[in-house]
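Thank you all for making time this morning. I would like to walk slowly through a few helices and one loop, and I will try to say at each step what we are looking at.

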Amino acid sequence: MMKLLSGFTLLLAVAVAYYIYIPLPREIPEQWKLMVLDATFRGVVSMGDVAHSLGLSHSVHVINSAIVNFESLVPITNQEIQAEDILFDGVHVRVYHPPGREQKLRRAVMFIHGGGWALGAPKLGSYDSLCRQMAADLDAVVVTVDYRMAPDVHFPVQYEECVQAAKHFLNPEVLAKYSVDPERVAVCGDSAGGNLAAAVAQRIGIDNRTSVKFKLQVLIYPVLQALDFNTASYQQNHNVPILYRRLMARFWLEYLDADPDLVHSIMMNKHTAQDQSLLSLNRSKLNWTNLLPKRVIKHYKPVFPLTGSPSILKDVPALLDSRAAPLLASDEVLRTAPRAYIMTGEHDVLRDDGMMYARRLELAGVSVTNDHYEDGFHGCVSFAFWPLHFSVGIRAVHNYIAWLDEHL
């Protein structure tokens, strides 16, 4: 009996190790920690897919429930920072106030959380810790936008709610209420939040009715386009956790309320094949062979089939909408954008999105700092806090807050 139990335990241990282990680039530190995190997330995604296939719940709701339950376990940091939950023009936000609210004018940061426009708990856990740290380290008012998410709403709702919140906050009377210097306001976001932050910065930049503009934009490994799922970074990192190429494609389809069965087609760039005339005005905006430095292109080549599926762009026109894909904005729009800090990670499928946007902003005359991490991977900023404490995430948080402190 003991031999049977020992054998079963050994087989179980081997199975668990096999499920957890994935080969990772040697530059990524703390590899087993990332493997365990990724295995847990993959397990949750699988449970969500099973629940969805059985008609029990939408997969996104299952995944987000697990995230909220985990984030609720994270202790509150910087408890001296006061948090106020309020509505900005009907949009839920949380405002973080540093202690000692004397009459001096403070800086401010509007933060937009990531999670594929579908996941995330902006008032809990790592995002709450991040906003509290920004408020404490910068002695700034920080506003985090709790926009509604997919699958309950789809594009352009997330975008419009962030625009609404931004316009409300940038109203001189509202800034005065929170003792914020109107010349020192930044917009910031990570991943899908970086997408929304870039899009909001573009919208505010061209809006003649908005007298107060953002001074800075901080984009943390932003997702900025869905026309090329075979950039050099997508090819290099398609199987690097925690954001796999297939998962990013799924997020895009959910955000744009498109048929999820299109995932394979868009991963193969069938929506952007060489015979697609609708792309004629946009190809140069994401031509990474021209926009990226050779050191990141390496040996990778563009992947665009000769013939594709023209119905995709017709059925999902938002793929060509710069409100959803800020990399597609015109040069005229980019010229109105604020000074930018763009964080990228070498081992992130979205690396080239950020780098292409940095280059396009530079060509439009906008000052850009591209802070690139050779050991960086997607989500590392969120993993800087308890209980994960990834070293690259801790460095990344420190460095981008230091940049804000210097330039805001």
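Let me begin with Ser57, which lies in the loop between H2 and H3, and please keep in mind throughout that what you see is a predicted model. Is Ser57 buried or exposed? Neither word quite fits, because its relative accessible area is 29%, and a residue counts as buried under 20% and as exposed over 50%, so Ser57 is partly exposed. If we set aside the neighbours within four places in sequence, Ser57 is in contact with Ala51, His52 and Val62.

From that loop we move on into helix H3, residues 59-71, which has 13 residues and reaches 19 Å from its first C-alpha to its last, close to the 18 Å expected at 1.5 Å a residue. Which residues of H3 are buried? They are Ser59, Val60, Ile63, Asn64 and Glu71. These residues cover an arc of only 120 degrees around the axis, which means that they sit on the same side of H3. As for what covers the buried residues of H3, it includes helix H2 (31-53), helix H4 (125-138) and helix H9 (245-255).

Helix H4 deserves a closer look. Its 14 residues should span 20 Å at 1.5 Å a residue, and its end C-alpha atoms are indeed 20 Å apart. H4 is mostly covered, with 12 of its 14 residues buried, among them Gly125, Tyr127, Cys131 and Arg132. Just after the helix comes Asp139, whose phi is positive, near 50 degrees.

Next, the packing of helices. Two packed helices are described by the angle between their axes and the distance between the axes. The axes of H4 and helix H16, residues 391-407, come within 10 Å and cross at roughly 40 degrees, and the two helices are therefore oblique to each other. H4 passes H16 in a right-handed crossing, where Leu130, Gln133, Met134, Asp137 and Leu138 in H4 meet Val397, Tyr400, Ile401, Leu404 and Asp405 in H16.

My last pair is helix H5, residues 157-169, and helix H7, residues 192-206, whose axes come within 10 Å and cross at roughly 55 degrees. That angle makes H5 oblique to H7, and the crossing of H5 and H7 is right-handed. The residues that make this contact include Tyr159, Cys162 and Val163 of H5, together with Leu196, Ala199 and Arg203 of H7.

Conventions. Residues numbered from 1 in each chain as written. Predicted model: local features only at pLDDT ≥ 70, side-chain atom pairs only at ≥ 80, totals over all residues. Heavy atoms only, no water. Helix = DSSP H or I, 4+ residues; strand = E, 2+ residues; numbered from the N terminus. Expected span 1.5 Å × (residues − 1). Buried < 20%, exposed > 50% of the residue type's maximum accessible area, 1.4 Å probe, protein only. Arc of directions from axis to C-beta. Contact = heavy atoms within 4.5 Å. Axes fitted to C-alpha atoms, helices over the stretch in contact; angles between N-to-C directions. Parallel < 35°, antiparallel > 145°, perpendicular 65-115°, else oblique. Left-handed = near helix turned anticlockwise from the far one by under 90°.
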